[in-house]
Each structure stands twice: as C-alpha cells, then as structure tokens.
Amino acid sequence: MPSLSPRRLCFFNTTTGAPLREMNFLTSILAVRLNRKRLVVVLQEKTYIYDSNSLSMLDTIDTVPNLKGLCAFSPSLEGCFLALPASTAKGAVLVYNVMELQLHCEIDAHRSPLAAIALSSNGKYIATASEQGTIIRIHLVSEATKSYSFRRGTCSSTIFSLSFAPSLQLPDILVATSSSGSVHIFSLGFETNQRTKKSGSFLGSILPYSVNDALDPAHHHVLHNAVSAGVRSYAVVRKVDNVADSSSSEIASCRAIISLIAYNGYFQEYAFTLNSQNESTWSLEREFNLVAVISGNAETS
C-alpha cells in the first residue's frame, strides 16, 4: 500500500491531526529527527538536512552504509549537532553542525563498529557504544576529546539505547539499556569529596576528572532484569530534580524519572534516587501492558 511505504514521510498537525505535507524518497527512511529549525532524514547511504519550516533542502550528507539508521541529534539551537557513523569497520562517529551546515569533527571512539549514539540536549557531549557493548565513552563535542569511559560489564552485550538527562546545563545522568535486560545509569562527575562542593551542580562537572576515576564502579548503577533478556528496549530520562536537605541548604540527593519501553509491549516508569553517599534506589512507579490496553480499546470501540 503506497500510504504505508517506508519511503514516505508524512507531516501532521499534532493539535488537529490533519495531514500537512508528504515527502517521498528513493529508499527506505531509517530515522527522522526534528527541532524548531532543522529536519533530518536518514537513509541507508544518505542523510538529508531540511529547513523545518519551509521544508526546503539545505544539504545532503553522503554516509557509509548505515543499515540500522544510527544517528543522534541535539535539539538545542545553540549547539545543534548531528552524529552519524563514519565507518563500518570501527567505531568512528561523524559530528556535523546542522545550523552552520558543515562538518564539525570526526571522533574515533571504539575499535568495533558503533551500536548506539546519543547527544546531550545542549549538544556539549556525545555518548557512544560499540557492538562489543562493554564500554560506553563520552566525548566533549567542542574539542572532540574523551571525557569519560564507563564499563557496562565484562561480557559482550548489545546496547539498545543511550539517553542523556534533559539538562540544559550538564547531562548529569546517562541511561543505557542492553540485551542483558538490565537498565544502566551512569552518574557523570558524581563525587562526595571536596570536588563536589566546588561545583554549583549536585553531580558536578565531568571535565576535571580523569578517565581512571570514571571507570570507578561507584559511578555505575544497575537495575537488573528490568525486561526479559534479549528483548529490545529503550529508556529515556524524563526529568532530574535535586532534593535539598531539610536541615540545611545543601543538596541531599537527586531524583530522576526513567521511562522504559520494551518490544514485548510493556511500558514502565521508575524513580531513581541517588544520595550524597552515592547510594542508589530504584522504585517502579507505573507499569502498563500497551498491547493489552490497545486490544481492550479496540474491542470497546
């Protein structure tokens, strides 16, 4: 059916649901990203940049074969970057300035091909994982320098998703899901010594600390068996709040809301709390079987 073609991109008014415009491509659309100024359409070997208001084409990027449609996009207009795989043989990532329409840098992040990419909302940091799935690296985009390396585990695992917290100042939390069925949270720059007190943020800046410090497992918090092993899942950090100590003005803990959706039809929402002693707790706040909900609504109608 032409209306269901993977080569067709449709635009709708989200208020009225009315269709606005259609765009057709020669090959299947693998990913779409959008902010107030730019529209990005990712195909297997080409990526198109459009003005999101006029939908006029601004640039075309020829890429290596990108069968999975891997890409990352930072919505901030001040640091609006697009990240794409730069190689099929190793974990190199191409970072493109979408507002200035020019290549910003290329980062050699891993020895193995990329499996997942994420940019922070402010465009300052990029996180990558390879097909090996044991190490997650974070680079500073402006200088293309490595800031952090986190060890997810010692055994290979497929990283399904990476997502930064929606912070405009610092991406204090990075969440990852993997084929092991676990959800991983990496707290960036979290310290309980004097370095924390020097920072205006609870978790602090990630830049002054060494890579060896980042490999400390104290920065890594895991929720085991969140979904069945092998089931593809995606997690996002919806919000992060700092919680002040009632007896003082100092920050006592931070609380993050994590939304998790899995291909078996389940949606879960967790509250993750990290205190000043680097102790973490997970609490399941909501859980829905989306397949059952949709089936029930269909039967009712």
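A strand here is a DSSP run of E with at least two residues, numbered from the N terminus. The model is predicted.

**Exercise 1.** Locate Pro 85 and decide whether Pro 85 is buried or exposed.

*Solution.*
- Step 1. Pro 85 lies in strand S8.
- Step 2. The relative accessible area of Pro 85 is 11%.
- Step 3. Buried means under 20%. Pro 85 is therefore buried.
- Step 4. Setting aside residues up to four places away in sequence, Pro 85 touches Val 64, Asn 66, Leu 70, Ala 92, Leu 114 and Ile 117.
- Step 5. Take Ile 117: Pro 85 and Ile 117 are 32 residues apart in sequence, yet 8.8 Å apart in space, C-alpha to C-alpha.

**Exercise 2.** Work out the order of the four strands in the open sheet, and find its edge strands.

*Solution.*
- Step 1. The order is S7-S8-S9-S10, with antiparallel pairing.
- Step 2. S7 (72–73) and S10 (102–110) each pair on one side only, and are the edge strands.
- Step 3. Two bridges join S7 to S8 (residues 81–85).
- Step 4. Ala 72 has Ala 83 in S8 as its bridge partner.

**Exercise 3.** Identify which residues touch the most other members of the largest nonpolar core, and which strand supplies its largest share.

*Solution.*
- Step 1. This core has 18 residues; Ile 173, Val 175, Val 237, Ile 258 and Leu 260 touch the most other members.
- Step 2. S16, S17, S19, S20 and S21 each supply at least two residues.
- Step 3. S20 gives the largest share, five residues.
- Step 4. A second, separate core of 17 residues includes Tyr 125, Ile 138, Phe 150 and Phe 164.

Key. Residues are numbered from 1 along each chain as its sequence is written. This is a predicted model: local features need pLDDT of at least 70, side-chain atom pairs count only at pLDDT 80 or more; totals for chains, interfaces and linings use all residues. Side-chain values use heavy atoms; hydrogens and water are left out. Two strands pair if DSSP finds at least two bridges between them. Buried means under 20% relative accessible area, exposed over 50%, partly exposed in between (1.4 Å probe, protein chains only). Contact means heavy atoms within 4.5 Å. A nonpolar core is a set of buried Ala, Val, Leu, Ile, Met, Phe, Trp, Tyr and Cys residues joined through side-chain atoms within 4.5 Å.
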